[in-house]
Amino acid sequence: MTDEPPRVQSEGGARSLSRRDALQRLAFAVAAASGSRGRGATAAAAFAEETPATPLGDLGMPLSAEQRQAGAAFVERHVTVDVHCHPGRFFLSRLPRQTAMTRALGPPFETQAIADLNAGRVSAALFAGVADMQLLELSAQGIHAARQFAPGEAYADYQRQIAGLKRLVADHEALAGRTPRDVRRAARLERTAAVFAIEGGDFIEDRLDRIHAAFGDGVRAITLVHYHVNQIGDVQTETAVHGGLTPLGRTIVREMNAAGIIIDLAHATLAVTRDVIDASERPVIVSHTNLVRPGVEHPRLISAEHARLVSTAGGVIGSWPSGIGQQSLGDYIDSILRLVDAVGVGHVAVGTDMDANYRPVFTSYRDWSLLPAALLARGLDEAAVARIMGGNFMRVFQENLAAARARSPA
Ligand SMILES: [Zn+2]
Ligand SMILES: [Zn+2]
């Protein structure tokens, strides 16, 4: 989910829109979200005019035709996974009521997004619902929760979003992604498996049974916190309230372990991360972030120390093409490689935040093979790229499911 108010981008003339232009217009629309229908409609129209491929000159790094071909061959041979995304902003489907922010985002377009995932040969994507969507408001200070949930409201909105995900699978748009085997099957069929995820544990409230219900619904990862400071712990973008993980949050962590649901610590503070790693018996992920570095500091980025807490506990960090300290796909590849240097190749993944990202430098799944192409071009070997592009996530997926499997062999 978008991480701060996008700055207005300068636009060059009235030529047909590139995908990046379209996203910048969307960013503009979000920035201007004051309930104006007109801007939301402009953003939606901009998406409809997308062009099919990123021109070579936009990449910010040299990539020959042969190197691009190596990327295309790579995605035919390997299971690849996007560990955090919101394809087509499915979470806006069948909204009970609009807010200024949902209005600015415009209507969802899941069918187009899934066609792009299939075309890009993405074996699996973690389709993340947005738990606190109904609370969020954009101001000059960024995205914040404008109010608290009424009792039961968060769970009702969870059920709406899960119903939308189930429809996508029932209608055979996306394949089921409940197990690593499902993901490998999708890869064989040249299709995309939807691994259900929720960004924000708000819907759990204090009901541990909802964690098991979520597993039954197919949810395989929950980002404990998002923008709203919830019952579980503190968030990176607000002043600390709890001082880390709450006692209820600790219980929720143990229950997620028991259920077999992956804990995602994106948006969580360092204190929450420490507390969760202390409590969790299974490896966690931080699905979309990058390392801070001199001149590139942002509340949503993490220190090398923070990253190593996650990796030494067996966890995986998804590198995020957010445009924070990045101007191009080449800059995003640099972000991935900095994480590899900090935590090792066995602990890095790709988390695009597609379709609800900030100022994305990776904008279409049809370009998915450019990521392995660029990593190979930067000198990583095929085995290393295979781990980053999906293997590391598949390990964590398997290790978290082992708990659930032990209880029910189905
Ligand atoms: Zn997100
Ligand atoms: Zn996010």
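This tour of a predicted model visits one strand with its two partners, then a pair of packed helices.

**Strand β2**

Start by selecting residues 124-130, which form strand β2. Of the 7 residues in this strand, 7 are buried, so the strand counts as mostly covered. Now show the side chains. In a regular strand, side chains alternate between the two faces of the sheet. Here Ala124, Leu126, Ala128 and Val130 point one way from β2. Ala125, Phe127 and Gly129 point the other way. Both sets are buried.

**The partners of β2**

Add residues 81-85, strand β1. Strand β1 pairs with β2 in the parallel sense, over 3 bridges. To find the register, pick cysteine 85, which stands opposite phenylalanine 127 of β2.

Next add residues 193-199, strand β6. Strands β6 and β2 also run parallel, joined by 7 bridges. Select alanine 124 of β2 and look across to β6: the bridge partner there is alanine 193.

**Helices α12 and α13**

Hide the strands and select residues 329-343 (helix α12) together with residues 370-377 (helix α13). Two packed helices are described by the angle between their axes and the distance between the axes. For α12 and α13 the angle is about 65° and the axes are 10 Å apart. Because angles of 65 to 115 degrees count as roughly perpendicular, α12 is placed in that class relative to α13. The crossing of α12 past α13 is right-handed.

Which residues of α12 and α13 meet? From α12, show Leu329, Ile333 and Ile336; from α13, show Leu370, Ala374 and Leu375. By class, this contact has 6 nonpolar residues, with no polar and no charged ones.

Definitions and conventions
Residues are numbered from 1 along each chain as its sequence is written. Chains are lettered from A and ligands numbered from 1 in the order in which they are written. This is a predicted model: local features need pLDDT of at least 70, side-chain atom pairs count only at pLDDT 80 or more; totals for chains, interfaces and linings use all residues. A residue is buried if 20 or more other C-beta atoms lie within 10 Å of its own, exposed if 12 or fewer, and partly exposed in between; C-beta atoms are placed from the backbone. Helices (H or I, at least four residues) and strands (E, at least two) are DSSP runs, numbered from the N terminus. Two strands pair if DSSP finds at least two bridges between them. Axes are lines fitted to C-alpha atoms, for helices over the stretch in contact, and angles run from 0 to 180 degrees between N-to-C directions. Angles under 35 degrees count as roughly parallel, over 145 as roughly antiparallel, 65 to 115 as roughly perpendicular and the rest as oblique. A crossing is left-handed if the near helix is turned anticlockwise from the far one by less than a right angle, and right-handed if clockwise. Two residues are in contact if their C-beta atoms, placed from the backbone, lie within 7 Å. Ala, Val, Leu, Ile, Met, Phe, Trp, Tyr, Cys and Pro count as nonpolar, Asp, Glu, Lys and Arg as charged, and the others, Gly among them, as polar.
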